[in-house]
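Load the model in your viewer and keep the selection panel open. The stops below are meant to be taken in order.

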Amino acid sequence: MSDATLFAPRPLAPPAPLAAMPPGRYRVGMPQLGLNGLSESWLLAECGDRHWQLLAQACGLPISQLRDARQRRVYPAFRSVRLRQAELDAVQENDVVEIASSLGRVSRTQFYSKHVVSVGHGLRAVVDMLSVFVARETAGVNSSAVRSAVAGFDAVPALEEGERFAAHNRAWLQARREQDAARGRPGHSYAPQLIRPCPSVHFNGAGFLYFARFHELVDQAEAAWFGPAAAPCVTTERHTLYHGNADVGCALNLQLCEFERHGAVLHHHVQIVRNDDHRVIADITTRRRLRREARGFLETLFEKAG
């Protein structure tokens, strides 16, 4: 064998194909719409279901059959969800929304999915999702959920975009902890909002406070803080970091940590805190702007009869 052969660069192995699924297409009707365009709740729930379907496809089992080494039922729980580049108010009734999704591995237990949402040739949003498998240490107690590894996902390729998203989350959390340590009294007079999630509205079939309901609690608190001024606002960016969950009957405190308003753009950071043990279960940062043509829309909506 010649030296040239010995030291010739080996051809790189082809990258493992991304886990993906056919794009989903949805004709927009009332279930997909909210007051200001495409419903953020519907969109997150649909993307979350596609994330679960991609995991099921990767391991060849229904999600309901996943067990850890102790034969406990495990769930892919979201650690972070980010909505970005959103133009939800550009989506109208009878539009056909397309969602293209792909999945990659971030670590042995963490998986990232990206969902590109479009109508025709126009981008309407991108949703990033990072999940980890969890199992309840104590049956029926959501606060006892802990991370748990599951076999069968070795073929899912690593995805650099997911690793960058996970690194962004870690950096954000580190900055938040430093701010919390230095934070004194909030620079505003808005009082925390005490909200008790409704069992039939905010909890999912697994008994957890549903990930796609956390932002609704923030919107509910926002309406209490800012009143009708918030009604014509549409979300353009939303980043939720989940740190825990809550049991049915648990009251939650929604604390407005920061907010800024520049013209028609509103930005705020809200923490959701369990009222019983004062643990922060989510950090949610939101950027919203006035819905285009909001004034005309609202004047029509509330036009007096006769």
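Which elements are included in what covers the buried residues of α3? Select α3, residues 160–182, in this predicted model. Then add β4 (75–84), β6 (110–119), β7 (122–136), β10 (233–242), β12 (265–274) and β13 (280–290), which are included in that cover.

**Helix α3**

Show side chains for G162, F165, A166, N169, L173 and R176, which are buried in α3. Next, put a distance label between the C-alpha atoms at the two ends of the helix: they are 33 Å apart. Helix α3 has 23 residues, and at 1.5 Å a residue these should span 33 Å, so the distance agrees with expectation.

**The whole chain**

Zoom out and colour by secondary structure; the protein has 6 helices and 13 strands. Of its 306 residues, 47% are buried. Take the contacts between residues at least 6 apart in sequence: 71% of them join residues at least 24 apart. A surface display shows an exposed area of about 15,900 Å², with 53% of it supplied by carbon and sulfur atoms.

**Helix α2**

Select α2, residues 40–59. Is this helix largely enclosed or largely open? It is largely enclosed by the rest of the structure, because 14 of the 20 residues of α2 are buried. The end C-alpha atoms of α2 are 29 Å apart, which agrees with the 28 Å that its 20 residues should span at 1.5 Å a residue.

Now look at both ends of the helix. At the start of α2, a side-chain oxygen of S39 comes to within 3.3 Å of the backbone nitrogen of S41. After α2 comes G60, with a positive phi near 75 degrees.

**The largest pocket**

Turn on a pocket display. The largest pocket holds about 680 Å³ of space. It is lined by 31 residues, and those closest to its centre are A77, F78, V134, F208 and N245. Colour the lining by element: α2, β4, β7 and β8 each give at least two residues. Which element supplies the largest share of this lining? Strand β4 does, with 5 residues.

**The largest cavity**

How many cavities of 30 Å³ or more does a search of the whole structure find? The search finds 2. The largest cavity has a volume of about 60 Å³. To see its walls, select E40, L44, V81, L83, F211, A212, H215, R238, T240 and Y242. At least two lining residues come from each of α2, β4 and β10, and β10 has the largest share, 3 residues.

**Residue N142**

Go to the loop between β7 and β8 (145–147) and select N142. Why does N142 count as buried? Its relative accessibility is 4%, and the cut-off for buried is under 20%. The side chain of N142 makes a polar contact of 2.9 Å with the side chain of R136. Setting aside neighbours within four places in sequence, the residues in contact with N142 are R136, F203, G207, F208, L209, N245, A246 and D247.

**Residue N94**

The last stop is N94, in the loop between β4 and β5 (96–105). Label the C-alpha distance from N94 to G29: 6.3 Å in space, with their positions 65 residues apart in sequence. Apart from neighbours within four places in sequence, N94 is in contact with R27 and V28.

Technical notes
Residues numbered from 1 in each chain as written. Predicted model: local features only at pLDDT ≥ 70, side-chain atom pairs only at ≥ 80, totals over all residues. Heavy atoms only, no water. Helix = DSSP H or I, 4+ residues; strand = E, 2+ residues; numbered from the N terminus. Buried < 20%, exposed > 50% of the residue type's maximum accessible area, 1.4 Å probe, protein only. Contact = heavy atoms within 4.5 Å. Areas by Shrake-Rupley, 256 points an atom, 1.4 Å probe, with all protein chains shown as cover. Expected span 1.5 Å × (residues − 1). Polar contact = N/O pair within 3.5 Å; in protein donor to acceptor, adjacent residues only side chain to side chain. 1 Å grid on protein atoms, 1.4 Å probe; cavity = no way out; pocket = protein on both sides within 12 Å on 5 of 7 lines; lining within 4 Å. Points joined across faces, edges and corners; volume = space filled by probe spheres on them.
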